[in-house]
Amino acid sequence: MATPKDLPDVGGFIRDLRRNAKISLRQLAEQAGVSNPYLSQIERGLRKPSAEVLQQLASALRVSTPAMYLRAGLLDDKEGHGVLAAIAVDADLTMAQKQSLSQIYETFRRENTRLTEAQAEAEAAQADQPASQAADLANVAATGPTTVGGTPTEAVLESVAVTEAGTAPAPSTSIPQKKKAAEAAEEETS
């Protein structure tokens with residue numbers, strides 16, 4: 001069996017998250033689908049959980065799996081997962097706030113990757129197309145999606161809000177409005 005000094009402090013991280021969520025060891029073990037004694041050993045640093053168990057614990061604690069993997073030493077911090085880990089351990093944030101921040105951060109990273117790819121495509125197309133068309137493609141690739149009169153950041157935030165809240169219901173028209181529209185259509189055909 002490994003000694004506590006050999007293992008990253010994932011157990012303390014899990015214990016802190018569990019305490020911040022105000023759930024018992026037994027409740028977390030049940031939600032994650034692991035035994036109570038096994039989870040206790042993980043929290044005390046006596047056992048090293050597998051990637052699958054870490055994923056189950058992350059889901060039960062409502063933190064991102066990459067943050068859990070990073071803390072367990074399974075990921076490098078090269079791809080910004082340190083930000084996710086910092087969000088996950090911030091005691092001043094609620095679980096809902098942590099989830100929202102993590103989703104926004106990951107959405108921005110995906111959007112930046114998409115914009116980088118679009119910029120590369122625009123540069124490749126620039127060599128094959130007339131200057132005006134290539135400039136239009138480069139401008140769209142550089143700015144990304146925007147809201148009406150807004151900024152690219154606002155468009156990304158709107159997409160996150162829609163993702164979290166679901167799509168908005170279509171506006172309904174009232175019966176008097178439908179009658180007026182039907183009457184207007186009749187007058188046009190007469």
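**Exercise 1. Where is the place of Glu30?**

Step 1. Glu30 sits in helix H2. Helices (H or I, at least four residues) and strands (E, at least two) are DSSP runs, numbered from the N terminus.

Step 2. Before going on, note the basis of the work. This is a predicted model, in which local features need pLDDT of at least 70, side-chain atom pairs count only at pLDDT 80 or more, and totals for chains, interfaces and linings use all residues. Residues are numbered from 1 along each chain as its sequence is written, and side-chain values use heavy atoms, with hydrogens and water left out.

Step 3. Glu30 counts as exposed because its relative accessibility is 68%. The cut-offs are: buried under 20% relative accessible area, exposed over 50%, partly exposed in between (1.4 Å probe, protein chains only).

Step 4. From C-alpha to C-alpha, Glu30 and Ala60 are 9.1 Å apart in space, and they are 30 residues apart in sequence.

**Exercise 2. Describe the protein chain as a whole.**

Step 1. Count the elements: the protein chain has 10 helices and 0 strands. Along the sequence, the pattern reads α-α-α-α-α-α-α-α-α-α.

Step 2. Look at burial: of the 190 residues in the protein chain, 27% are buried.

Step 3. Look at contacts (heavy atoms within 4.5 Å). Among contacts in the protein chain with a separation of 6 or more, 49% come from residues 24 or more positions apart.

**Exercise 3. Find the salt bridges and place each one in the chain.**

Step 1. Apply the rule: a salt bridge is a side-chain nitrogen of Lys or Arg within 4 Å of a carboxyl oxygen of Asp or Glu. The count by this rule is 2 salt bridges.

Step 2. Take the pair Glu43 and Arg18, which form a salt bridge with their closest N and O atoms 2.7 Å apart. This pair links distant parts of the chain, with Glu43 in helix H3 (residues 36-43) and Arg18 in helix H1 (residues 10-20), 25 residues apart.

Step 3. Check burial for this pair: both Glu43 and Arg18 are buried. Glu43 counts as buried because its relative accessibility is 6%.

Step 4. List the surroundings of Glu43. Leaving out residues up to four places away in sequence, Glu43 touches Gly11, Gly12, Ile14, Arg15, Arg18, Leu25 and Leu28.

Step 5. Take the pair Glu111 and Arg114, a salt bridge whose closest N and O atoms are 2.8 Å apart. Both residues lie in helix H7 (residues 95-128), 3 residues apart, about one turn of the helix.

Step 6. Check burial here too. Glu111 is buried because its relative accessible area is 15%, whereas Arg114 is partly exposed because its value is 38%.

**Exercise 4. Describe how helix H2 packs against helix H4.**

Step 1. Choose the quantities: two packed helices are described by the angle between their axes and the distance between the axes. Axes are lines fitted to C-alpha atoms, for helices over the stretch in contact, and angles run from 0 to 180 degrees between N-to-C directions.

Step 2. Read the values: the axes of helix H2 (residues 25-32) and helix H4 (residues 51-61) cross at roughly 115° and come within 8 Å.

Step 3. Name the residues in contact. H2 contributes Leu28, Gln31 and Ala32, and H4 contributes Gln56, Leu57, Ala60 and Leu61.

Step 4. Sort them by class. Ala, Val, Leu, Ile, Met, Phe, Trp, Tyr, Cys and Pro count as nonpolar, Asp, Glu, Lys and Arg as charged, and the others, Gly among them, as polar. The contact of H2 with H4 then has 5 nonpolar, 2 polar and no charged residues.

**Exercise 5. Examine the loop residues Lys22, Arg62 and Asp92.**

Step 1. Recall the background: most residues other than glycine have a negative phi.

Step 2. Lys22, in the loop between H1 and H2, has a positive phi near 60°. Lys22 counts as exposed because its relative accessibility is 74%.

Step 3. Arg62, in the loop between H4 and helix H5 (65-71), also has a positive phi, near 60°. Arg62 counts as exposed because its relative accessibility is 54%.

Step 4. Asp92 belongs to the loop between helix H6 (81-89) and H7. Asp92 is exposed because its relative accessible area is 71%.

Step 5. Asp92 and Asn20 are 72 residues apart along the chain, and their C-alpha atoms are separated by 9.6 Å.
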